[in-house]
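Open your viewer and get your selection tool ready. We will go from stop to stop, and at each one you will hear what to pick and what you should find there.

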Amino acid sequence: MISLQRRRLLQTLLGAGAARMTGAGVSMLAPALGHASAPSFDDFKVLVVLYQHGGNDSYNMLVPLADKYQEYRDIRTQAGLAVDNTELDCSAPPGDNQYAQGLDSLSYTHGLFPFSASGAPGQCAASSDDAEFGVNGLMPELAGLFRDGDAVAIANMGSLIHRVDRGSLDDPDTRLPPFLYAHNHQLRAMETGWADNLQATGWAGRLADLWLAHAGRVNPESLLGLNVSYGGPSRMMTGTSNRPVVLEPGRYSLFDYSRGFDPGYFGELNAASSLDGPMRRLLKSRHRDSLELHQMLEDTLSDSYDHFYSQGARNSYDQKLFTVPSTQTLGLQKALGGKLLGALGDVAQMIDVHKNMSGVNRLIFFVEHSNYDTHSNQSTYHPRLLRELSLAIGDFQAALRKMEELDPDNSDLTSRVTLCTLSDFGRTMGVNHTGTDHAWGMHGLVVGGAVDGTNRLLGTVPDIGLGGADDTGSKGRFIPSIAVDQYLATIMDWFGVNEDDMSLLFPNLANFQGSAPSLSGAYLQGLFRA
């Protein structure tokens, strides 16, 4: 018969008062797996992984220009998806741009900000004829970041096991990622960092294991561990002995009061007792950690809410940062979802709280932006996704700059925070009736003060012709020229992962180092400043 005390403990764990997270409590029950090289940092860095769920049409986000534009236009016009190459002025601040002001001319297909692959900060391309790509006119904040040298585009990257070209696609020795165009499998490939092992733990979770994140090795004075998700439980952030703390955007408490949670009673239930056996002692210890984290989040996040919001930082519509503009303000047919704006606003607050906290050195945040699976009605749904993406990234960078302004000890904060994007895959250059299909290669974004913004585009925009040299067939599914492994390893190198440990995170990375004597030969040169 279960005792009353044990029954209450189980009810607290499984019922009305259960913590809405997978991280700071039971995730640490497994023995900590570490590595002799787990580092001790004396600086503070943050990585934000922004996942575009469903497969983003990155060729309408960053439009191919120069000699590729006319072919792009000919293919995309038939479905009304071709973005016009009307040149917008990227030198104007976002708030002065007609697209940010929500005038009647705002549309998915009218206008872009042209950029060359390289150039000095502050410069825009002279014309679309002299540019390699154009930022969709719905994204003036992103265009401003490219202009100022705070954004880099990674061209035609994707899930790979080793290098592939059209000539080797049918070679029996060519190994392709399994289920190449399936959402759930390619999501797994992005999460594991291991294109041919979709059952592995996540690459960020393996890093947390390696760095003994929940055993006090990294962030020794924080209950957060290494990984924090504002996009639900994520395999990407789950290791063998470490799981992310999972938080809901807009909530500052870990437990749900509306379901009867009582912190005093929970603390009383989990008080240490000499009568407890080993398992109960461990459970209670982890639950006390959860309660402490819950109280810390409530105290610090609620107190910091207006720290930088109320200090003059405004979005493109002269509103408080991370505000969701109305459809009337936007000039769009559909409202923004707002979830990404809320999530990045909460990440900004967490950074604000932890940037000066002793014993907190590294944090990885996961945020998700959904509904990119635009098989039909793309001209209705994709515009609001691009608009929110640009607004959210722009507001996030504005918040970091405001933190720098308010805190002289963090005058280089924007250089210590990097945001990168991932998605299931790209989408076909060829069109369905009113949308695009699942494809392979895609463009990624890396944003932050540490990027070498003189290199605005790394890699090569593929031959975009249907049935061309880079197409897997005839629909415009482009073979990636850069592996996601290379992309993420380069970012992890900036984050502080030793080269000797990189193959633990990305086991196929050696397949991309070519003739270089070490794994660093696979990194993307020129992504970050020296």
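How many bridges join strand 10 to strand 11, and do these strands run parallel or antiparallel? Keep that in mind while you get your bearings: this is a predicted model.

**The whole protein**

Start with everything shown as a cartoon. The protein has 14 helices and 14 strands. Of its 530 residues, 58% count as buried. Now switch on a surface: about 19,800 Å² is exposed, and carbon and sulfur atoms supply 48% of that area. If you like contact maps, take the contacts between residues at least 6 apart in sequence: 75% of them join residues at least 24 apart.

**Strands 10 and 11**

Select residues 427–431, which make up strand 10, and then residues 436–438, which make up strand 11. Here is the reply to the opening question: two bridges join them, and the strands run antiparallel. Together they form a hairpin, with four residues between the two strands. To see one of the pairings, pick Arg427 and look across to strand 11, where its bridge partner is His438. Then bring back the surroundings of strand 10. Four of its five residues are buried, so this strand is largely enclosed by the rest of the structure.

**Helix 5**

Next, select residues 140–147, which form helix 5. How many of its eight residues are buried? The count is eight of eight, so helix 5 is largely enclosed by the rest of the structure. Label them and you will find the charged residues Glu141 and Arg147 in the buried set, along with Pro140, Leu142, Ala143, Gly144, Leu145 and Phe146. Step past the end of the helix to Gly149, which follows it and has a positive phi, near 80°.

**Aromatic pairs**

Now show the aromatic side chains. A search of the whole structure finds 14 aromatic pairs. Zoom in on Trp211 and Phe495: the ring centres are 6.0 Å apart and the planes meet at 20°, so this pair is stacked. Trp211 lies in the loop between helix 7 (203–210) and strand 6 (227–229), while Phe495 belongs to helix 13 (residues 484–495), so the pair ties together parts that are 284 residues apart in sequence. Both Trp211 and Phe495 are buried.

For another pair, go to Phe255 and Phe261. Their ring centres lie 4.2 Å apart with the planes at 5°, so these rings are stacked too. Phe255 is buried, with a relative accessible area of 1%, and Phe261 is buried at 6%.

**The ring cluster and Arg362**

Return to Trp211 and Phe495 and add Phe41, Trp494 and Phe528 to the selection: ring pairs link these five residues into a cluster. Which residue has its charged end over the ring of Phe41? Select Arg362: its charged end sits over that ring, 3.8 Å from the centre. The charged end of Arg362 also sits over the ring of Phe495, 5.6 Å from the centre.

**Last stop: Thr490**

Finish with Thr490, which has its place in helix 13. Thr490 is buried, with a relative accessible area of 5%. Leaving aside residues up to four places away in sequence, Thr490 touches Tyr523, Leu524, Leu527 and Phe528. You have already met one of these, Phe528, in the ring cluster.

Terms used: Residues numbered from 1 in each chain as written. Predicted model: local features only at pLDDT ≥ 70, side-chain atom pairs only at ≥ 80, totals over all residues. Heavy atoms only, no water. Buried < 20%, exposed > 50% of the residue type's maximum accessible area, 1.4 Å probe, protein only. Pairing = 2+ DSSP bridges. Phe/Tyr/Trp six-rings, centres within 6.5 Å; stacked < 30°, edge-to-face > 60°. Lys NZ or Arg CZ within 6 Å of the ring centre and 35° of its normal. Contact = heavy atoms within 4.5 Å. Areas by Shrake-Rupley, 256 points an atom, 1.4 Å probe, with all protein chains shown as cover.
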